[in-house]
Amino acid sequence: EVEVDFDGTTLWNGLPVDDATLASYFNTAANQLPQPEIHLRPNRRVKYDYVAKVLAMAQRLGVTKLGFVGNEQFMD
């Protein structure tokens, strides 16, 4: 699970990661067969730019199974 906190901090399975580490994790996931589904959970207060950066990185590295979770926080 990838979380993007309100201040743009990115967490992988609850642990903060920098861009290089996140890229490494995405690359590893993209090369697994079958490719695992990665769940992206953005904080409701995060700027879209931070989320877009994570999405672009995942796409660039070949991640094809990425889904948003926690969308119920935006339904109120």
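This briefing describes the nonpolar core of the structure and the helix H2 that contributes to it. The model is predicted, so local features need pLDDT of at least 70 and side-chain atom pairs count only at pLDDT 80 or more, while totals for chains, interfaces and linings use all residues. Residues are numbered from 1 along each chain as its sequence is written, and side-chain values use heavy atoms, with hydrogens and water left out.

**Core**
- The largest nonpolar core (buried Ala, Val, Leu, Ile, Met, Phe, Trp, Tyr and Cys residues joined through side-chain atoms within 4.5 Å) has 16 residues, of which Val 2, Trp 12, Leu 22, Phe 26, Ile 38 and Val 54 touch the most other members.
- Two or more residues of this core come from each of strand S1 (2–4), helix H1 (19–30), strand S4 (38–42) and helix H2 (48–60), where helices (H or I, at least four residues) and strands (E, at least two) are DSSP runs numbered from the N terminus.

**Helix H2**
- Val 51, Val 54, Met 57 and Ala 58 are the buried residues of H2, buried meaning under 20% relative accessible area, exposed over 50% and partly exposed in between (1.4 Å probe, protein chains only).
- These buried residues fall within an arc of 125 degrees seen down the axis of H2, so they line one face of the helix, the arc being that of the directions from the helix axis to the C-beta atoms.
- On the other side of H2, Tyr 48, Asp 49, Gln 59 and Arg 60 are exposed.

**Val 54**
- Val 54, found in helix H2, is buried with a relative accessible area of 3%.
- Not counting residues up to four places away in sequence, Val 54 touches Val 2, Val 4, Thr 10, Leu 22, Phe 26 and Leu 40, contact meaning heavy atoms within 4.5 Å.
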